[in-house]
Amino acid sequence: MELTVLGCSGSYGAPAGGACSGYLVRAGDATIWMDCGNGSFANLQQHVDPGELSAVVITHCHADHCVDIYGVHVMFRYGRKLSGLPVYAPEGAEALLAQLVGSFGDTFDWRTVRDGDHASIGDAALRFSRTDHPPPTVAVEIAHDGKRLVYTADTGPDWTVGAFGEGADLVLSEATYLHDDIRAPIHLSARQAGEQARAANARRLIITHLWPTLDPLASVEEASEAFGREVGLAAPHLSTHV
Ligand SMILES: [Zn+2]
Ligand SMILES: [Zn+2]
């Protein structure tokens, strides 16, 4: 399984190519675009032909995780004449997002996911868990070939990666804040991300969704101290094997 970061800026776009949340996951024959935040579709096209996508997963309908669905809609409907791309998203997402375009027509095959749901996308097995974040939001586990990737989506501290069990091979955790400056408890600090991944015996941790004005090295240091080992930092176009 391979994870490629398409965008990782927390909540709004950062200068110098700082697209918002988007990740490309290749697992066997599955090619999954996980979150389609602003700027991530442009970066996606540097790694894969969108016509080859197996599915899109939208964790929640905050703009920084979903608005590039409009780009793929226009490309598929008016450019490539493609239809039926499966989109896994929390309840209400299709109706909410369709308001800007009237209707998505047959571009997408919408599939509602709730807490505890499972899905198979080609060779990849997915599970979903409702997080501690105001709109309906799901964290995602992708399993393939004995390996497990867990993506926290956005969450406050009342949900943890342990919801998917212990020992994930890679946890991709939001870490919006530094711990001494938590602005709203709907996100994690770097320390909380490290503590929670450690408590769930994660093998590796990569932090993402940092508030754009933070010094990322301070976040890595804080998360690493809490995790007990060096953590990785998401960056656009970074790829890693799981
Ligand atoms: Zn976000
Ligand atoms: Zn959010």
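His-133 is buried, with a relative accessible area of 4%. Welcome to this predicted model, where that histidine is a good place to start: His-133 is one of the residues that coordinate the zinc ion (ligand 2). The points below look at this zinc site, and then at a threonine elsewhere in the chain.

**The zinc site**
- Four residues hold the zinc ion (ligand 2): His-60 through NE2, His-62 through ND1, His-133 through NE2 and Asp-154 through OD, at 2.2 to 2.3 Å.
- The angles among the 4 donor atoms run from 89 to 163 degrees, and the site counts as irregular.
- Along the chain, the donors of this zinc ion (ligand 2) are spaced as H-x1-H-x70-H-x20-D.
- Within that pattern, His-62 and His-133 are 71 residues apart and link distant parts of the chain.
- His-62 sits in the loop between strand E4 (55-57) and helix H2 (63-66), while His-133 belongs to the loop between strand E8 (124-130) and strand E9 (138-144).
- Unlike the buried His-133, His-62 is partly exposed, at a relative accessible area of 27%.

**A second zinc ion**
- Asp-154 forms a bridge between the zinc ion (ligand 2) and the zinc ion (ligand 1).
- These two zinc ions lie 3.6 Å apart.

**Thr-176 and its surroundings**
- You will find Thr-176 in the loop between strand E11 (170-174) and helix H5 (190-199).
- Thr-176 is buried, and its relative accessible area is 0%.
- Beyond its neighbours within four places in sequence, Thr-176 is in contact with His-187, Leu-188, His-209, Leu-210, Trp-211 and Leu-214.

Terms used. Residues are numbered from 1 along each chain as its sequence is written. Chains are lettered from A and ligands numbered from 1 in the order in which they are written. This is a predicted model: local features need pLDDT of at least 70, side-chain atom pairs count only at pLDDT 80 or more; totals for chains, interfaces and linings use all residues. Side-chain values use heavy atoms; hydrogens and water are left out. Donors are N, O and S atoms within 2.8 Å of the metal (3.2 Å for Na, K and Ca); water is not among the atoms, so sites may look incomplete. Four donors count as tetrahedral if all angles lie between 85 and 135 degrees; four count as square planar and six as octahedral if opposite donors are over 155 degrees apart and all others between 65 and 115; anything else is irregular. Helices (H or I, at least four residues) and strands (E, at least two) are DSSP runs, numbered from the N terminus. Buried means under 20% relative accessible area, exposed over 50%, partly exposed in between (1.4 Å probe, protein chains only). Contact means heavy atoms within 4.5 Å.
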